[in-house]
Amino acid sequence: MPTRRAALRAGAAVLAAGAAPARAASRPVALGSAAEIGAFRSDPRYREALKRYCDIVVPMNDLKWDALRHERAGFDFAGADEIVAFAEANGKALRGHTLLWGEALPPWVGEMTTRAEAERELTRHIEVVVDRYKGRIATWDVVNEVIKYDPTSGGPWRDTVWQRLLGPEHVEIAFRTAARTDPKARLVLNDFHFEERDPGAAARRAVALDICRRLRDKGIPIHGLGMQAHLYAERTIDTEGLQRFMRDLDGLGLDVEITELDVIDWKMPADAALRDKHAAALVASFLGAVASAKRPKAIVTWGLTDRYSWVGETFPRKDGARARPLPLDADYRPKPMLAVLERYRRGTG
Ligand code: G3I
């Protein structure tokens with residue numbers, strides 16, 4: 001655990017890094033959040049916060065295979081339909097997450113043994129899901145986390161059932177099928193760990209560009225790259241690396257979207273005000289680096305309130321203090337991070 005002094009120094013460094021880059025274009029950026037069905041159903045303040053602070057809503061888990069495909073034969077759209085109907089009733093745009101991922105899969109997917117079987121199931125799944133929300137879900141994370149954590153050794157592809165049975169073509173099949181099923185939908189390659197100043201992040205940026213370029217060269221529709229941006233409070237944003245990455249995406253004619261923004265603060269001192277100030281500075285530094293080279297199409301946080309977040313469960317603090325990863329605290333009170341996000345929403349970011 002860094003000392004308070006070290007944290008303040010780190011905060012100062014982030015603030016120094018966060019300020020300055022001139023903005024490419026300061027037009028309003030759509031702000032959004034993922035909606036977790038349990039909290040959505042049980043907590044009225046959760047729904048009110050989605051209405052108040054969001055232009056975009058993303059079903060957090062209900063469009064994943066494990067939620068939709070308990071049985072191989074059927075589809076369970078109950079949760080997804082509920083959140084889609086809520087968004088439409090409140091004039092919110094929708095992002096779909098996700099048509100292909102190596103996790104959150106029902107057991108029967110692991111029983112597939114042949115290439116033909118995997119291609120048949122993947123194609124049918126994407127056709128049925130995308131067709132159901134055609135013209136309603138504007139943007140899809142077609143593939144999620146297909147890049148190996150450290151692509152510098154043993155090839156770029158993450159070891160998933162789709163990679164094992166279909167090889168690298170699993171990504172092409174997914175994008176081709178989504179584009180054929182809803183030609184108007186925006187199609188996104190979504191992944192994480194692009195933001196930090198380390199060789200792994202740099203290698204992942206290169207792999208992501210390479211995947212996008214290959215799809216482009218084969219004439220397979222892709223419209224953008226999704227940066228999840230689960231930011232580690234103790235790490236430094238690679239401003240120059242991100243600016244180059246944004247210019248390279250521009251070169252490919254692709255958009256960038258921030259798709260799962262939150263701050264992992266398990267290594268920060270317990271002081272809540274300090275953590276919140278540091279998290280806001282880190283988010284400002286990250287968004288500043290991106291927006292200085294390319295206006296993001298959307299900024300989506302992975303939830304809105306600290307009351308419900310995967311961060312505390314996955315990165316529990318030794319001191320047992322609650323994680324503070326999101327723009328609203330556990331009692332739905334705005335935190336400094338919200339002010340940073342709302343500047344982008346107003347176009348003054
Ligand atoms: O809803 C069921 C509940 O009925 C059941 O009692 C309980 C116990 O098994 O599980 C509940 O479902 C859980 C669901 O979250 C709802 O909270 C699933 O088990 C659990 O796996 C699921 O975790 C989600 C995880 O993705 C896996 O799908 C997290 O909420 C979600 O935040 C996380 O999000 C991922 C993104 O999709 C991709 N990027 C990383 C991000 C964080 O891991």
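Trainee: How far does a polar side-chain atom of lysine 64 lie from an oxygen atom of the ligand?

Mentor: First off, this is a predicted model, where local features need pLDDT of at least 70, side-chain atom pairs count only at pLDDT 80 or more, and totals for chains, interfaces and linings use all residues. Residues are numbered from 1 along each chain as its sequence is written, and side-chain values use heavy atoms, leaving out hydrogens and water. A polar contact pairs N or O atoms within 3.5 Å, and for lysine 64 the distance is 2.7 Å.

Trainee: Which side chain has an N or O atom 3.0 Å from an oxygen atom of the ligand?

Mentor: Glutamate 260 has a polar side-chain atom 2.7 Å from a ligand atom, but that partner is a nitrogen. The 3.0 Å pairing with a ligand oxygen belongs to tryptophan 302.

Trainee: How much of the ligand's accessible area does the protein cover?

Mentor: On its own, the ligand has 790 Å² of accessible area (Shrake-Rupley method, 1.4 Å probe). The share covered by the protein is 49%.

Trainee: Which residues around the ligand come nearest?

Mentor: The shell, with a heavy atom within 4 Å of the ligand, holds 14 residues. The nearest are Lys64, His97, Glu145, Glu260 and Trp302.

Trainee: Which peptide bond from histidine 97 is cis?

Mentor: Most peptide bonds are trans. Here omega is near 5°, and the next residue, threonine 98, lies in strand E3 (residues 93-101). The cis bond runs from histidine 97 to threonine 98.

Trainee: What is the phi of histidine 193?

Mentor: Histidine 193 is in the loop between strand E5 (186-191) and helix H9; strands and helices are DSSP runs of at least two and four residues, numbered from the N terminus. Most residues other than glycine have a negative phi. Histidine 193, though not a glycine, has a positive phi of about 60°.

Key: Polar contact = N/O pair within 3.5 Å; in protein donor to acceptor, adjacent residues only side chain to side chain.
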